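The following exercises are to be worked with the sequence and the coordinates at hand. Please attempt each task before reading its solution.

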Amino acid sequence: MAIFDELKKRGLIAQTTGEDAVKELINNGKAVFYTGFDPTADSLHVGHFLPLILMRHLQQAGNTPIALIGGGTTMVGDPSGRTDLRKVMTFEQIDVNAQKFKVQISKFIDFSDGKAHMLNNAGWLMGLNYVKFLRDIGVHFSVNRMLAAECFKSRYEQGLSFIEFNYMLMQAFDFFHLHQTLGCNMQCGGDDQWGNMLAGTELIRRKLGKDSNVMTIPLLLTSDGKKMGKTAKGALWLDAEKTSPFDFYQYFRNVLDDDAVPFLKRLTFVPLDEIDSEYANLSGQELNRAKERLALELTTLIHGEKAANEAAEAAKSLFGAGAANDNMPSHTLTADVVGDGIAVTDLLVACGLTPSKGEARRVIEQGGLVINDKKIDSLNAVFTVNDIKAGMVIRKGKKTFIRVEIIG
């Protein structure tokens, strides 16, 4: 199967500037394409999955990826999908984040022997002469057309700052620069970037008289329309220090039934014929097989085979005998914190399972707390140092597990 058709069947293509042109490029390994990653945090998150998965598919088909770290564009901030102004970050913060992004992106893309490029747009954006930039680049942009772009619409009520208004020009200039220096002929990214990406093709056409292409990816949403990767603890990060391999595994192990097979197609490299024959017709409890495969494949991709297998074993232990497992996320308390005994509401807050005692009370009143396989329904329950030393596993709801340990 040609790569374009496979990407279509996997649900990885939303829009293209010209299907025939894009198909010709990627099916014949002629695409030199870039995807941008603005380092606004110190880790990539699950929202970056689809662009990274797409890049890997295209590289495996013989195309050349450019991973562009937005060290320069992050100084401005992308207004796409925002209702407020992004926090202004220092160059030092951005650079630290950029270095971490590079390590994580390398888990998806092979950068050996010139098979791919990784660049930081700070290299050309930070040294631009602003007046010259306006004269050479800004003159090609219509303010009316920019205001009509989807990426600016959500900012109208709160007010669109001038610094954000420059973002589209900077992203377009990235495409123009990469086209001239590396022969980049296609840009890939989330469907919410369509307007910014088209601006790049227009700039290349106006400045150089050449055609270039855009291919967007559908946003990662669950079957009930919610944004993928939002958890009670915040975003689902690719950094093991921010989201443990166990929590990462559990997140995908517990996706909605309707999402199991589509996510196997979109987020993994399991062959389509295998997905269709082994998982597509499952229903009810049998869908757990698809969820377990999804969780194992993704956790292996991000954290390695050993960590993935340990997370899977820990999950099976919990849903089986319920015994504590060394691979489960843990939280350490000091004997001083526990004292002569710690109230259950204080325990949940101390372990980071709830942000407040009020929320802890709600969890208990709604029947969502289990400690060592025993449902806790009393707000007056108290636990001692010896209780914790004897072994304590707390389950909040159906998906959150933690082993509590004591020191001191």
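Two exercises follow, each with a worked solution.

The model is predicted, so local features need pLDDT of at least 70 and side-chain atom pairs pLDDT 80 or more, whereas totals for chains, interfaces and linings use all residues. Residues are numbered from 1 along each chain as its sequence is written, and side-chain values use heavy atoms, without hydrogens and water.

**Exercise 1.** Determine how many residues of helix H10 are buried.

*Solution.* Step 1: locate the helix. H10 covers residues 167–182; helices are DSSP runs of H or I with at least four residues, strands are runs of E with at least two, and both are numbered from the N terminus.
Step 2: apply the criterion. Buried means under 20% relative accessible area, with a 1.4 Å probe and protein chains only.
Step 3: count. Twelve of the 16 residues in H10 are buried, among them Tyr167, Phe173 and His179.
Step 4: inspect the end. Gly183 follows H10 and has a positive phi, near 70°.

**Exercise 2.** Establish the strand order of the five-stranded open sheet and identify which strands H10 touches.

*Solution.* Step 1: the order is S3-S2-S1-S4-S5, with parallel pairing; two strands pair if DSSP finds at least two bridges between them.
Step 2: S3 (117–120) and S5 (213–217) are the edge strands, each pairing on one side only.
Step 3: S4 (residues 186–190) pairs with S5 over five bridges, and Gly190 stands opposite Ile217 in S5.
Step 4: H10 packs on the sheet and touches S1, S2, S3, S4 and S5, where contact means heavy atoms within 4.5 Å.

Definitions and conventions:
The expected span of a helix is 1.5 Å times one less than its number of residues. Buried means under 20% relative accessible area, exposed over 50%, partly exposed in between (1.4 Å probe, protein chains only). Axes are lines fitted to C-alpha atoms, for helices over the stretch in contact, and angles run from 0 to 180 degrees between N-to-C directions.
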